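Work through the exercises below with the sequence and the structure at hand. Each one sets a task and then solves it in steps.

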Amino acid sequence: MPKTKAVDLVVVGAGPAGMAAAVAAAEAGVEKIILLERQAELGGILPQCIHNGFGLRYFKEELTGPEYAHRFVQELKKHPGLKVKTETMVVTITPDRKVVTTSATEGLVCYQAGAVILAMGCRERPRGAINIPGTRPAGIYTAGSLQYLMNIEGFLPGRSAVILGSGDIGLIMARRLTLEGVRVKAVLELMPYSNGLNRNIVQCLEDFQIPLYLSHTVTEIFGEKRVEKVRVAPVDKDFKPIAEKGFDLSCDTLVLSVGLIPENELSLQIGVELDPATGGPVVDSFYQTTVEGIFACGNVALVHDLVDDVSTESALAGRAAAAYLKGEIKTKRWLPVKAGRNIRSIVPQRIVVGQTTPLYIRARYPERNATLHVGDGQTKQQVVSPGETIYYTLKPEDIRTADGWVEVSLEGGRVHD
Amino acid sequence: MTELTCIVCPVGCRLKVEQGKEGLKIIGNGCRRGVAYARDEMTAPKRMLTAVVQVAGSERMLPVKTETAIPKAKIYAAMEEIKAITVSPPVMIGQVIKENLAESGVPLVATGTIAGEGCFKPLEKSLGSE
């Protein structure tokens, strides 16, 4: 058995979520904190996100990813009780909060934590997840790994590229490739709308005249050693490719930006309940999972649009973990959220009665002029789209406790265009 | 009337711009910066540019940005200048890498830190050993 060290709090993952949670917990008076990171560098995805647009909500100024990470690294340094362990992998977490880690420098170490915050983030869906037929040549990248290769290691992937998926990373990479001299022939999107921010469609595609094909997908990859071309086809309303309308695009690189999945291997091991709508743990207003003393925040709980939201939510989780350690969070009465019309997901899933709770809501499909109903509260929503988070701060008076749940729905909207 | 999507921040307000007698009339902006964006976009569009530059003796790149937005028309010229740059460590975050990038009057600044020899590992590595 590895030696066991008693600590107050273990935070798993030093990306934006883990850093914000650890700093907030330290500021709230938690003394012994261990922040675990399997990479050599802190910041998670941020160091490779060299584009700007981060920090407007959280810092009220516009930063690039590395700059945003830098702010939090400076904060971490202010707390001597907060220890960072890089190149350290978590092997096991038990429901009674034993965290077993391994690293080249310390070998196996077991931490017995008073509380654990899960902040493992998310991973990209690879080619295998969407089953594109064809050969298996070189030149197929997920957008995030390509971003790492280009922005951290300085490699160019090829000369001409097709991007499948119009989420933000796909759009950002379309611009990045173009600026470095790679010809981006098209961005393809299976859905009839883009999941990326409108701002990115303007500044990453329209600025560079990169065509965006909505309701299109790649039906086959060609090439022996290297990608030579892809076959593209429009899809019908059931997302089935219309083969006779297919066409070929020659390219040596195919970039996949086809979604992100919360990374919950460890959460499953602990036995926390996952929400099928988010892919992340079910959490309450304090970001506590269904296992006491285990908290989850950031993209491990819900894939966010903005890192600022990750930081805000994770700071809340960090403060909540601190309150839990002081015995200030007792078992409280909570009500489940219930997704009504045009609602795909809601986080937190459990509303602690009497607690003001910021909600992150996602719509199922785009609509105009809908009204968001949350319990007794409501707000007008000019435009909703699955790609953009709907924010709502749920106040205790919005809740009708007699219902036994908090219903969230979008009413009276109409599908636009 | 022209419709624009404000790109100043990720909110992405939908702006409507109308040429009135007393200049441009802008509606739909969530904050004052939207007005400035719409004005610029109608007259002289500007963009922030971010990229990476090579670091002598390192296998890692250094991230950089233009300190403020530069004219959209100078983006490719700016990229050509950026591709020719190799910096020598150490470089601190915020340090000016090149003045007057592509004659825009705007400097190129570092957005990351490269800490001298053995710069594969960032500064933070020294943080928090027990």
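A residue counts as buried under 20% relative accessible area, as exposed over 50%, and as partly exposed in between, with a 1.4 Å probe and protein chains only. This is a predicted model, in which local features need pLDDT of at least 70 and side-chain atom pairs count only at pLDDT 80 or more, while totals for chains, interfaces and linings use all residues. Residues are numbered from 1 along each chain as its sequence is written, chains are lettered from A and ligands numbered from 1 in the order in which they are written, and side-chain values use heavy atoms, with hydrogens and water left out.

**Exercise 1.** Describe the aromatic pair of Phe208(A) and Tyr76(B), and state why the pair joins two chains.

Solution. Rings of Phe, Tyr and Trp (its six-membered ring) pair if their centres lie within 6.5 Å, and planes under 30 degrees apart count as stacked, over 60 as edge-to-face and the rest as tilted. By this rule there are 9 aromatic pairs over all chains. For Phe208(A) and Tyr76(B) the ring centres are 6.3 Å apart and the planes stand at 90 degrees, so the pair is edge-to-face. Next, locate both residues, taking helices (H or I, at least four residues) and strands (E, at least two) as DSSP runs numbered from the N terminus. The pair joins two chains because Phe208(A) lies in the loop between helix 6 (198–205) and strand 13 (212–214) of chain A, whereas Tyr76(B) lies in helix 2 (residues 75–83) of chain B. Finally, Phe208(A) is buried, with a relative accessible area of 15%, while Tyr76(B) is partly exposed at 45%.

**Exercise 2.** Do the same for Phe295(A) and Tyr324(A).

Solution. This aromatic pair is edge-to-face, with 5.9 Å from centre to centre and 70 degrees between the planes. Phe295(A) belongs to strand 19 (residues 294–296) of chain A and Tyr324(A) to helix 8 (residues 307–325) of chain A, so that the pair links distant parts of the chain, 29 residues apart. Phe295(A) is buried, at 0% relative accessibility, and Tyr324(A) is buried as well, with a relative accessible area of 12%.

**Exercise 3.** Which strands stand at the edges of the open sheet in the order 21-23-26 of chain A?

Solution. Two strands pair if DSSP finds at least two bridges between them. The 3 strands of this sheet pair in the antiparallel sense. Strand 21 (343–347) and strand 26 (390–394) stand at the edges, each with a single partner strand, so one side of each has no neighbour in the sheet. Strand 21 and strand 23 (residues 357–363) of chain A pair over 4 bridges, and Ile343(A) has Ala363(A) as its bridge partner in strand 23.
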